[in-house]
Amino acid sequence: MKRSSLSQVLKLCILILICPVYCLAADKADKKLSVLLIDGQNNHQWQQTTPLLKKILENSGRFEVEVSTTPPSPPRKPRKPKGKLSEGQQKNYEKQLAEWKTKAAQVQQEAPALWKNWRPDFKKYDVVVSNYNGQSWPEEVKQAFDKYVSSGGSFVVVHAADNSFSDWPAYNKMIAVGGWGGRDETSGPMLRLRGDKWIKDTTPGRGGTHGTKIPVVVKVRKPEHPIVKGLPREWMHPADEVYGKLRGPAENVTVLATAYSEPSERGTGEHEPIMMTVDYGKGRVFHTTLGHDTVALQGTGFQITLQRGTEWAATGKVTQPLPNTKWKDNEPTVQAP
């Protein structure tokens, strides 16, 4: 056999050997990541924000999103108007109260069966995103979720989802710090930026507060992290709640970005952590405290970091290129989801 023919045969053999490897890698890169987005209860308008969160993630071309809605929470008792009521006002209030009692009794009666049937199969998904803040999940679901994340699963916490489950130790470790729900100094310290270092502040007090909803400047603190790499070091985010005085175990946490909580707007006067990553067992968690409502979800920076944070949680890296965004200097940079 001629040397040239032998060379061609060798090249063909090599291609036959390596082609399946490259094809497999390409298929894996092209495969969309599966997302389970949980809602159903929240003191925020989850019926409005969940569709936008789903759309933001799917707009990246990187995710397929399935929504799992929990059983509903009991309706809130109507507030009695202040002051002396007219006869008409009193009758209207009594009517609202009667309707509330009927609805609350119905929800209470149906709840056990509905919760018994709510059993998400977490292990089917590459990443779980929570837009949930409400009743405690059934113990079986909590144990399955803890096992999912600690064994290498992925979790993304959006805004009020960090208010949930104050009495669930594993969840509090997953999110590092959270607010409300009876959290106080017994729940753990607050994270406080002093100079260029984060300290754990054990000062007594309740966990969770926020000032007036106003546009805020997001300041990147870890510019080389894949989630925020290439983004402006500072950008303005549309009107949102800047969560402050969040408390928890505060373990294995890296703060990626902060926002200053304005004292003149009932804020804390601190640079509060608003984007964090957390290691929990073998799992990865991305925690953003932004995203109060549909206005906040218009923020370009929020959308980019949600997309990238979800991919990072799922895979440990970010493959999404940054969009060609013209960032505004003195007003929020926004875009429709």
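A nonpolar core is a set of buried Ala, Val, Leu, Ile, Met, Phe, Trp, Tyr and Cys residues joined through side-chain atoms within 4.5 Å. The legends below refer to a predicted model.

**Figure 1. The largest nonpolar core and the surroundings of phenylalanine 302.** The largest nonpolar core comprises 36 residues. Val156, Met275, Phe302 and Leu306 have the most contacts inside this core. Helix H6, which spans residues 300-315, gives the most to the core, with 6 residues. Beyond residues up to four places away in sequence, phenylalanine 302 touches Leu53, Ile56, Val158, His237, Thr288, Leu290, Gly291, Ala296 and Leu297. A second, separate core holds 27 residues, among them Ile38, Trp118, Val128 and Ile175. In soluble globular proteins, nonpolar side chains tend to be buried together.

**Figure 2. Strand E1 and its two parallel partners.** Strand E1 (residues 33-39) is mostly covered, with 7 of its 7 residues buried. Leu33, Val35, Leu37 and Asp39 point one way from E1, while Ser34, Leu36 and Ile38 point the other way. The residues of both sets are buried. E1 pairs in the parallel sense with strand E2 (residues 63-69) over 7 bridges, and 4 bridges join E1 to strand E3 (residues 127-130), also in parallel. Leucine 36 stands opposite glutamate 66 in E2, and the bridge partner of leucine 36 in E3 is valine 128. Together with helix H2 (residues 46-59), E1 and E2 make a right-handed β-α-β unit.

**Figure 3. Antiparallel pairing around strand E8.** Strand E8 (residues 214-220) pairs with strand E9 (residues 234-240) in the antiparallel sense over 5 bridges. In this pairing, isoleucine 214 of E8 stands opposite aspartate 240 in E9. E8 is also joined to strand E11 (residues 253-260) by 3 bridges, and these two strands run antiparallel. Here lysine 219 stands opposite threonine 258 in E11.

**Figure 4. Tyrosine 260 in strand E11.** Tyrosine 260 lies in strand E11. At 32% relative accessibility, tyrosine 260 counts as partly exposed, because the partly exposed class lies between the 20% and 50% limits. Tyrosine 260 and valine 217 are 43 residues apart in sequence, and their C-alpha atoms are 7.3 Å apart in space. Apart from neighbours within four places in sequence, tyrosine 260 is in contact with Val217, Gly269, Glu270 and His271.

**Figure 5. Glutamate 272 and its polar contact with arginine 192.** Glutamate 272 lies in strand E12, which covers residues 271-280. Its relative accessibility is 2%, so glutamate 272 counts as buried. The side chains of glutamate 272 and arginine 192 are joined by a polar contact of 3.0 Å. With neighbours within four places in sequence left aside, glutamate 272 is in contact with Arg192, Val242, Tyr243, Gly244, Lys245, Ala257, Thr258, Ala259 and Ser261.

**Figure 6. Positive phi values at alanine 176 and lysine 245.** Most residues other than glycine have a negative phi. Alanine 176 has a phi near 75°, a positive value in a residue other than glycine. Alanine 176 is found in the loop between helix H5 (169-175) and strand E5 (190-194). With 0% relative accessibility, alanine 176 counts as buried. Lysine 245 likewise has a positive phi, near 55°. The place of lysine 245 is in the loop between strand E10 (243-244) and E11. At 38% relative accessibility, lysine 245 counts as partly exposed. Lysine 245 is also among the residues in contact with glutamate 272.

**Figure 7. The annotated region and the protein as a whole.** An unreviewed UniProt entry carries the annotation "domain: ThuA-like" for residues 121-313. Over residues 121-313 the chain is 17% helix and 32% strand, and the C-alpha atoms at the two ends are 18 Å apart. The protein contains 6 helices and 13 strands. Its C-alpha atoms fill a box of roughly 105 × 50 × 40 Å, taken along the principal axes. Of the 337 residues in the protein, 46% are buried. Among contacts with a separation of 6 or more, 70% come from residues 24 or more positions apart.

Conventions. Residues numbered from 1 in each chain as written. Predicted model: local features only at pLDDT ≥ 70, side-chain atom pairs only at ≥ 80, totals over all residues. Heavy atoms only, no water. Pairing = 2+ DSSP bridges. UniProt positions renumbered as here; feature names shortened; annotations may be inferred. Buried < 20%, exposed > 50% of the residue type's maximum accessible area, 1.4 Å probe, protein only. Contact = heavy atoms within 4.5 Å. Polar contact = N/O pair within 3.5 Å; in protein donor to acceptor, adjacent residues only side chain to side chain. Right-handed = clockwise from strand over helix to strand, strands pointing away.
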